[in-house]
Structures are given as C-alpha cells and as structure tokens.
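Colleague: I would like to go through the labels on this model one at a time. For each, tell me what earns it.

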Amino acid sequence: MTFHDYQTFFSAHWLDILTTVLGLLYILLEYRASIALWFVGIVMPALDVYLYWTYGLYGDAGMAVYYTGAALYGYLVWKFGRKRHQKEGEAMPITRMPRRLMLPALLFFVVAWAVTYYVLITFTDSSVPMADSFTNALSFVALWTLARKYVEQWLLWIVVDIVCTVLYINKGIPFKAGLYALYVVIAILGYIKWKAMMQETNKQEAI
C-alpha cells in the first residue's frame, strides 16, 4: 500500500481507531476495578454516538447516549455508594449480585429488548434490529451491575461482546470488531480477577 492508501484508510476509519483505543483503555481500567474507568466512559460513548449513527447502528447510537449518562451515575455510585458491611471510608467492595435482584433484572432485560426492537423496526431503517436491540438491552443490565460492582457483570459482557464482534464484522467496522473480540478475552480474565478480589476481601473481613 502507498502512503496515499494509508492516508485514505485512516481518513475513513480514524474515529473507529480512536474509540477503539479508548475502549481498550476503558476495559483495562475496568479489569483493575479503577474508578478512572468512568471518566473514559464519558468521553468514549460520546464519540461512539456519531460513529454508530454513520453506520446505521441506531440502537447502538442510542445506547452510547445512555452510556455517557450512565458513566456519570457509575462514578457517583463507586465514589459515594455503600453496601452492607462496607466500612466507613472504604471503597465499595466487589460482591455477588443478590438473588432477589436476578428476576427483576431478567424481566427488565426482556422488556428493554422488546421495546428497543419495536423502536428500531418502527422508527429506523436498521438492518439488524434483533441483534442490535439484544445487545442494547443486555448492556443496560450489564452496565447497572458494573455500577454496583457485582462480579456477574463480566458474564453479561461476555455475551454482549461476542454478539457485537459478529455484528461489527458484518457491518464493516473492523477495528471496533477487533476491540470487542479482545473484550471477550479480557472479560473472561476480568471475571476471574474480580472473583479473586472478592474472595480476598471476604477473607480479610473474616479475620
């Protein structure tokens, strides 16, 4: 490829590349359970709104708007929220999702999926309304579990990331597709790490 070819390629994919870099930084901070992830989580989805809308992924564009606001919520919860047995001045600990919340979360997912699907087929020309609405609905739940520092959030993201990888490959967004494929691997490692961190916290509390 000539320099002009590279220049043309970058010109066509610069936003995809930039948001991919930010996305990689975001998930690495999430892996470390660093509160700084929420700052990246505000900037990245704001850029994604334009990227997804350009490629006709209207559900993802709407989700990116939600992500921006949810990142602010996540920061506030991690900074000021409290859980049972949390000590004064201690950072919010990683815990398992309470069983009592699982059924409401499942019902919310089903309703969100149906509503998003209806919106996409009624008001947009989305070519992938079923998959787009599925990842959006599950992401709503996953982002909430992340904001509450529930270890199960990683399991939800694994499913979202696998579907998104296939979706972005088909839509011709290669860097974003590669990012989500990497997300799958990091999400598996993140689940293992968060589970170990949770167990370590429980051991310290038992001493």
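Modeller: The model is predicted, and the questions below take up its rings, a helix crossing and some single residues.

Colleague: How many aromatic pairs are there?

Modeller: The structure has 15 aromatic pairs.

Colleague: Why is the pair of Tyr 52 and Tyr 168 called stacked?

Modeller: Two values decide that. The ring centres are 5.7 Å apart, and a pair needs centres within 6.5 Å. The planes stand at 15 degrees, and stacked requires under 30, so the pair is stacked.

Colleague: What makes this a link between distant parts of the chain?

Modeller: Tyr 52 is in helix 2, residues 37-54, and Tyr 168 is in helix 6, residues 153-171. The two are 116 residues apart.

Colleague: How do you know whether Tyr 52 is buried or exposed?

Modeller: Its relative accessibility is 4%. Buried means under 20%, so Tyr 52 counts as buried. Tyr 168 has a relative accessible area of 1%, so Tyr 168 is buried by that cut-off.

Colleague: Which kind of aromatic pair do Trp 154 and Trp 194 form?

Modeller: An edge-to-face pair. The centres are 5.7 Å apart, with 90 degrees between the planes. Edge-to-face begins over 60 degrees, so the label follows.

Colleague: What parts does that pair tie together?

Modeller: Trp 154 belongs to helix 6 and Trp 194 to helix 7, residues 174-206, so the pair joins parts 40 residues apart in sequence. Both Trp 154 and Trp 194 are buried.

Colleague: Which residues do ring pairs link into a cluster?

Modeller: The cluster consists of Trp 38, Trp 78, Trp 154 and Trp 194.

Colleague: What lies over the face of Trp 78?

Modeller: Lys 149, at 4.4 Å from the ring centre. The distance limit for a charge over a ring is 6 Å, so 4.4 Å satisfies it.

Colleague: Where is Lys 149 found, and is it buried or exposed?

Modeller: Lys 149 sits in the loop between helix 5 and helix 6. Its relative accessibility is 8%; the limit for buried is under 20%, so Lys 149 counts as buried.

Colleague: What is notable about the phi of Lys 149?

Modeller: Lys 149 has a positive phi of about 60 degrees, yet it is not a glycine. Most residues other than glycine have a negative phi. Ala 33 also has a positive phi of about 60 degrees and is not a glycine. Ala 33 is in the loop between helix 1 and helix 2. With 16% relative accessibility against a limit of 20%, Ala 33 counts as buried.

Colleague: What makes Ile 94 buried?

Modeller: Its relative accessible area is 8%, under the 20% limit, so Ile 94 is buried. Ile 94 lies in the loop between helix 3 (58-80) and helix 4. Beyond neighbours within four places in sequence, the contacts of Ile 94 include Ala 33, Lys 149 and Trp 194. Val 151 is another of these contacts. The C-alpha atoms of Ile 94 and Val 151 are separated by 6.4 Å, with their positions 57 residues apart along the chain.

Colleague: How do helix 4 and helix 5 cross?

Modeller: The axes of helix 4 (residues 102-123) and helix 5 (residues 129-147) come within 8 Å and cross at roughly 145 degrees. The crossing is right-handed.

Colleague: Which classes of residue make up the contact of helix 4 with helix 5?

Modeller: By class, there are 15 nonpolar, 3 polar and 1 charged residues. On the helix 4 side they include Phe 108, Trp 113 and Ile 121; on the helix 5 side, Met 130, Asp 132 and Phe 140 are among them.

Colleague: Why is Ile 121 called partly exposed?

Modeller: Its relative accessible area is 44%. Partly exposed runs between 20% and 50%, so Ile 121 fits. Ala 181, in helix 7, has 35% relative accessibility, so Ala 181 counts as partly exposed under those limits.

Colleague: How do you know that Asp 16 is buried?

Modeller: Asp 16 has a relative accessible area of 2%, under 20%, so the residue is buried. Asp 16 is in helix 1, residues 3-31. Not counting residues up to four places away in sequence, Asp 16 touches Leu 51, Ile 173, Pro 174, Phe 175 and Lys 176.

Notes
Residues numbered from 1 in each chain as written. Predicted model: local features only at pLDDT ≥ 70, side-chain atom pairs only at ≥ 80, totals over all residues. Heavy atoms only, no water. Phe/Tyr/Trp six-rings, centres within 6.5 Å; stacked < 30°, edge-to-face > 60°. Helix = DSSP H or I, 4+ residues; strand = E, 2+ residues; numbered from the N terminus. Buried < 20%, exposed > 50% of the residue type's maximum accessible area, 1.4 Å probe, protein only. Lys NZ or Arg CZ within 6 Å of the ring centre and 35° of its normal. Axes fitted to C-alpha atoms, helices over the stretch in contact; angles between N-to-C directions. Left-handed = near helix turned anticlockwise from the far one by under 90°. Contact = heavy atoms within 4.5 Å. Nonpolar A, V, L, I, M, F, W, Y, C, P; charged D, E, K, R; others polar.
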